[in-house]
Amino acid sequence: MTAITPKEKDGKIIAYKFRVCVGRDENGRQVSRATTRQVPENLSYGTAGKSRPACGGGLGEASPRGV
């Protein structure tokens, strides 16, 4: 599951943080990856929703168990 959190400055969204759980390690603890994507200044709110990366921008590619 991906958690997408907007980062705000002066009431405007300047970036989005994507956090993805990619599985569990050998001790049963969750393994997660995170990245932050900047929002281009000329991007409207409607266009931003259409242009977000699929599946958190490939964050799950580095899964330790190949999940």
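**Exercise 1.** In this predicted model, find the bridge partner of glutamate 8 in E2, then describe the pairing of E1 and E2.

*Solution.* Step 1: glutamate 8 has isoleucine 13 of E2 as its bridge partner. Step 2: strand E1 covers residues 2-9 and strand E2 covers residues 12-24. Step 3: the two strands pair in the antiparallel sense, over eight bridges. Step 4: another pair of opposite residues is alanine 3 and arginine 19, the latter in E2.

**Exercise 2.** Determine how many residues lie between the strands in the hairpin of E1 and E2, and state the sign of phi at aspartate 10.

*Solution.* Step 1: two residues separate the strands of this hairpin. Step 2: at aspartate 10, phi is positive, near 55°.

**Exercise 3.** Characterise the connection and pairing of E2 and E3.

*Solution.* Step 1: strand E3 spans residues 30-38 and runs antiparallel to E2, joined to E2 by nine bridges. Step 2: alanine 15 stands opposite glutamine 38 in E3. Step 3: E2 and E3 form a hairpin with five residues between them. Step 4: in its turn, glycine 28 has a positive phi of about 85°.

**Exercise 4.** Assemble the sheet, give the strand order, and explain why one side of E1 and of E3 is left without a neighbour.

*Solution.* Step 1: strands of a sheet pair through backbone hydrogen bonds, in a parallel or antiparallel manner. Step 2: here three strands form an open sheet in the order E1-E2-E3, with antiparallel pairing. Step 3: E1 and E3 are at the edges and each has a single partner strand, so one side of each lacks a neighbour in the sheet. Step 4: from one strand to the next, the twist averages 25°.

Conventions
Residues are numbered from 1 along each chain as its sequence is written. This is a predicted model: local features need pLDDT of at least 70, side-chain atom pairs count only at pLDDT 80 or more; totals for chains, interfaces and linings use all residues. Side-chain values use heavy atoms; hydrogens and water are left out. Two strands pair if DSSP finds at least two bridges between them. Helices (H or I, at least four residues) and strands (E, at least two) are DSSP runs, numbered from the N terminus. Axes are lines fitted to C-alpha atoms, for helices over the stretch in contact, and angles run from 0 to 180 degrees between N-to-C directions.
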